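Visitor: I would like a close look at a single part of this structure. Please pick one helix and follow its links outward.

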Amino acid sequence: MTDLATISARTGVVARINPVAKLGVSALIAVPLILTLDPVSAAVALALEAVLFLFAGIGWREFWVRTWPVWLAAPLTGLTIALYGETSGTVYVDWFVLRISEGSLALAFATMLRVLAIALPSVVLFITVDPTDLADGLGQILRLPARFVLGALAGLRMVGLFLDDWRALELARRARGVADRGRIRRFFGMAFALLVLSIRRGAKLATAMEARGFGAPGRRTWARASRFGAAEWILLAVGAGISGTAIAAAVITGSWNFILGPS
């Protein structure tokens with residue numbers, strides 16, 4: 001997880017914007033793309049998002065390191081659709097349960113672009129988000145219940161400890177001489193141990209937070225003010241512009257495919 005010092009050193013325009021605005025622009029981009037399945041809207045949105053990423057305040061190396069799961073998942077999703085998607089047009093391969101056709105390939109390409117267009121903004125924009133700033137925004141701007149916000153923040157802060165716990169468990173098992181063989185069995189054993197450890201830590205954390213009054217009724221004060229100004233509204237307008245342009249391009253070219261409409 002990106003620490004606060006690294007986030008504070010960001011120089012990108014988007015990096016300094018309130019996390020609530022980043023959450024909003026991700027939703028503005030994702031919702032229209034969820035409602036349609038066509039290559040035009042996804043491709044236009046992806047091209048406009050690439051311009052937005054230039055202002056995110058992250059380097060190219062960090063961009064590829066953080067987003068490689070998305071680039072891996074998108075082609076795999078497209079491959080699944082190509083092999084098992086709805087058949088239409090010319091059939092190129094028909095073997096056992098596999099049927100690759102002109103329609104399934106087009107659907108696979110559109111699906112791959114849509115996965116990239118929806119997932120990449122969510123990953124890139126939230127690389128620069130500090131969990132505490134996000135919690136401040138959720139509590140002060142969106143007025144979510146303080147108990148829920150603080151509990152989620154505490155849980156998110158604990159995620160960074162999982163890797164350290166996993167390494168400690170692995171070293172402990174090796175010291176006992178039980179980590180030399182059976183990788184699959186060892187994985188499930190360590191996963192169960194990590195689950196038990198996480199439950200115990202969560203119970204202790206909940207007790208400590210209750211003892212410090214985090215669950216007390218009444219209106220809560222916040223140590224840092226969360227502001228939502230012109231820069232945040234501009235970012236939301238950019239997100240709305242990306243969605244509007246993508247939808248307009250799909251409608252104009254006749255490729256708009258509203259997936260909730262009548263079949």
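Guide: What follows starts at helix α6 and works outward from there. Keep in mind that this is a predicted model.

Helix α6 covers residues 131-140. Eight of its 10 residues are buried, so the rest of the structure largely encloses this helix. The buried ones are Pro131, Leu134, Ala135, Asp136, Gly137, Leu138, Gly139 and Gln140. What do they pack against? Their partners are α2 and α7, the latter being residues 146-159.

Now take Asp133, which also belongs to helix α6. Is Asp133 buried or partly exposed? Its relative accessible area is 28%. Buried would require under 20%, so Asp133 counts as partly exposed.

Asp133 has a charged partner. It forms a salt bridge with Arg224, and the closest N and O atoms are 3.0 Å apart. Arg224 sits in the loop between α9 and α10, while Asp133 sits in helix α6, so the bridge ties together parts that are 91 residues apart in sequence. Arg224 is partly exposed too, at 35% relative accessibility.

The pair belongs to a network. Salt bridges link Asp130, Asp133, Asp136, Arg157 and Arg224. Of these, Asp136 is one of the buried residues of α6.

The structure holds seven salt bridges. Another one joins Arg201 and Asp165, at 2.6 Å from N to O. Arg201 is in helix α9 and Asp165 is in helix α8, so this bridge ties together parts that are 36 residues apart in sequence. Asp165 counts as buried, at 11% relative accessibility. Arg201 counts as partly exposed, at 25%.

A third bridge stays within one helix. Arg66 pairs with Glu62, with the closest N and O atoms 3.8 Å apart. Both lie in helix α4, four residues apart, which means about one helical turn separates them. An α-helix has 3.6 residues a turn, so residues three or four places apart point the same way. Arg66 itself is partly exposed, with a relative accessible area of 34%.

Back to Leu138, a buried residue of α6. Next come the nonpolar cores. The largest one has 26 residues, and among those that touch the most other members are Ala45, Leu46, Leu116 and Leu235. Elements giving two or more residues to this core include α2, α4 and α10. Which element gives the most? That is α5, with seven residues. A second, separate core has six residues, including Val129, Leu138, Val149 and Leu153. Leu138 therefore has two roles here: it is buried in α6, and it belongs to that second core.

Return to Leu116 in the largest core. Beyond its neighbours within four places in sequence, Leu116 is in contact with Leu46, Glu49, Val70, Trp71, Ala74 and Pro121.

Trp71 leads on to the rings. Ring pairs link it with Phe53, Trp60, Phe63 and Trp64 in a cluster. Look at Phe63 and Trp64. Their ring centres are 5.1 Å apart and their planes meet at 80 degrees, so the pair is edge-to-face. Phe63 is buried, with a relative accessible area of 7%. Trp64 counts as partly exposed, at 45% relative accessibility.

To recap, helix α6 is largely enclosed. Its Asp133 bridges to Arg224, and its Leu138 belongs to the second core.

Note on methods. Residues are numbered from 1 along each chain as its sequence is written. This is a predicted model: local features need pLDDT of at least 70, side-chain atom pairs count only at pLDDT 80 or more; totals for chains, interfaces and linings use all residues. Side-chain values use heavy atoms; hydrogens and water are left out. A nonpolar core is a set of buried Ala, Val, Leu, Ile, Met, Phe, Trp, Tyr and Cys residues joined through side-chain atoms within 4.5 Å. Buried means under 20% relative accessible area, exposed over 50%, partly exposed in between (1.4 Å probe, protein chains only). Contact means heavy atoms within 4.5 Å. Rings of Phe, Tyr and Trp (its six-membered ring) pair if their centres lie within 6.5 Å; planes under 30 degrees apart count as stacked, over 60 as edge-to-face and the rest as tilted. A salt bridge is a side-chain nitrogen of Lys or Arg within 4 Å of a carboxyl oxygen of Asp or Glu.
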